[in-house]
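Student: I have just opened this one and have not studied it before. Could you take me through it?
Tutor: Certainly; let us look at it together.

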Amino acid sequence: MKFTKTKLKDAFIIDLEQRQDHRGFFARTFCAQEFAAHGLKPVIAQCNLSFNYKKGTLRGMHYQIAPAREAKLIRCTQGAIYDVIIDMRPDSPTFLEHIGVELTVENRRALYVPAMCAHGYQTLVDNTEVIYQVSGFYAPNYERGLRYDDPTFNIAWPLPVSQISQKDTAWCLFQSFFMGAKS
């Protein structure tokens, strides 16, 4: 695997190192030793699959606080997404900064989302599937979220939102709720 640092502390784009021959290719998508060598949490407690019918569907921005913090490894296995991470770690040098990365079935990239970073994505085509490998178990009492359209972050989503959950539109704006609140 090829690990590329992003501007966010401990967030990586992970590309495959393909071993090709006449049959196709073989590539490792996860290795605990390689993740640990890059300072990443190599534990997988849960694996989730998300299927999205319509292009423009937006899911996020979610994260979990202590004691249920979770890191994620995100990969698009069908279609294409614009994947976004916001650093919510108050002690991080990249606190409140965000990045966006296109993950597609063609580029086979993965995005490593550190614990305490909000994560969400928008589908770029119909019938898109996303797989999440997660370091912790889902704990609804410790889940937090940010509005996808929060002016604090000014995320440039590539498409108008076609589908979004009521929960994801109901998160409070960062300035009105989170300023001064550290988790």
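Tutor: We may begin with the empty space inside this predicted model: the largest cavity holds about 70 Å³.

Student: How many cavities of 30 Å³ or more does the structure hold?
Tutor: There is 1 cavity of 30 Å³ or more.

Student: Which residues are closest to the centre of the largest cavity?
Tutor: Its lining has 13 residues, and those closest to the centre are Lys41, Val43, Ile44, Leu73 and Gln133. Strands S7 and S12 each contribute at least two residues to that lining.

Student: And what is the lining by class?
Tutor: The lining of the largest cavity comprises 9 nonpolar, 2 polar and 2 charged residues.

Student: Changing topic: where does UniProt place the feature "active site"?
Tutor: The UniProt record, an unreviewed entry, puts "active site" at His62 and Tyr132. These positions span 71 residues in sequence, yet their C-alpha atoms are no more than 12.9 Å apart, so they gather at one spot. Both His62 and Tyr132 belong to the lining of the largest pocket.

Student: Is His62 buried or exposed?
Tutor: His62 has a relative accessible area of 18%. Buried means under 20%, so His62 counts as buried. This residue sits in strand S6, which covers residues 58-64.

Student: What does His62 touch, leaving out residues up to four places away in sequence?
Tutor: Its contacts include Lys72, Cys117, His119, Glu143, Asp168 and Trp171.

Student: And Tyr132, buried or exposed?
Tutor: Tyr132 is buried, with a relative accessible area of 13%, and its place is in strand S12. Beyond residues up to four places away in sequence, Tyr132 touches, among others, Gln46, Asn48, Lys72, Leu73, Ile74 and His119. Lys72 and His119 are thus among the contacts of His62 and also among those of Tyr132.

Student: Now the nonpolar part. Which residues have the most contacts inside the largest nonpolar core?
Tutor: That core has 17 residues, and Ile74, Ile81, Ile85, Leu103 and Leu111 have the most contacts inside it. The elements giving two or more residues to this core are strands S7 (72-78), S8 (80-87), S9 (98-104), S10 (110-113), S11 (117-123) and S12 (128-134). Apart from it lies another core, of 15 residues, including Leu58, Met61, Leu146 and Phe174.

Student: Going back to Leu103, what is it in contact with, neighbours within four places aside?
Tutor: Leu103 is in contact with Ile74, Cys76, Ala80, Ile81, Asp83, Arg109, Ala110 and Leu111.

Note on methods:
Residues numbered from 1 in each chain as written. Predicted model: local features only at pLDDT ≥ 70, side-chain atom pairs only at ≥ 80, totals over all residues. Heavy atoms only, no water. Core = buried A, V, L, I, M, F, W, Y, C linked by side-chain atoms within 4.5 Å. Buried < 20%, exposed > 50% of the residue type's maximum accessible area, 1.4 Å probe, protein only. Helix = DSSP H or I, 4+ residues; strand = E, 2+ residues; numbered from the N terminus. Contact = heavy atoms within 4.5 Å. 1 Å grid on protein atoms, 1.4 Å probe; cavity = no way out; pocket = protein on both sides within 12 Å on 5 of 7 lines; lining within 4 Å. Points joined across faces, edges and corners; volume = space filled by probe spheres on them. Nonpolar A, V, L, I, M, F, W, Y, C, P; charged D, E, K, R; others polar. UniProt positions renumbered as here; feature names shortened; annotations may be inferred.
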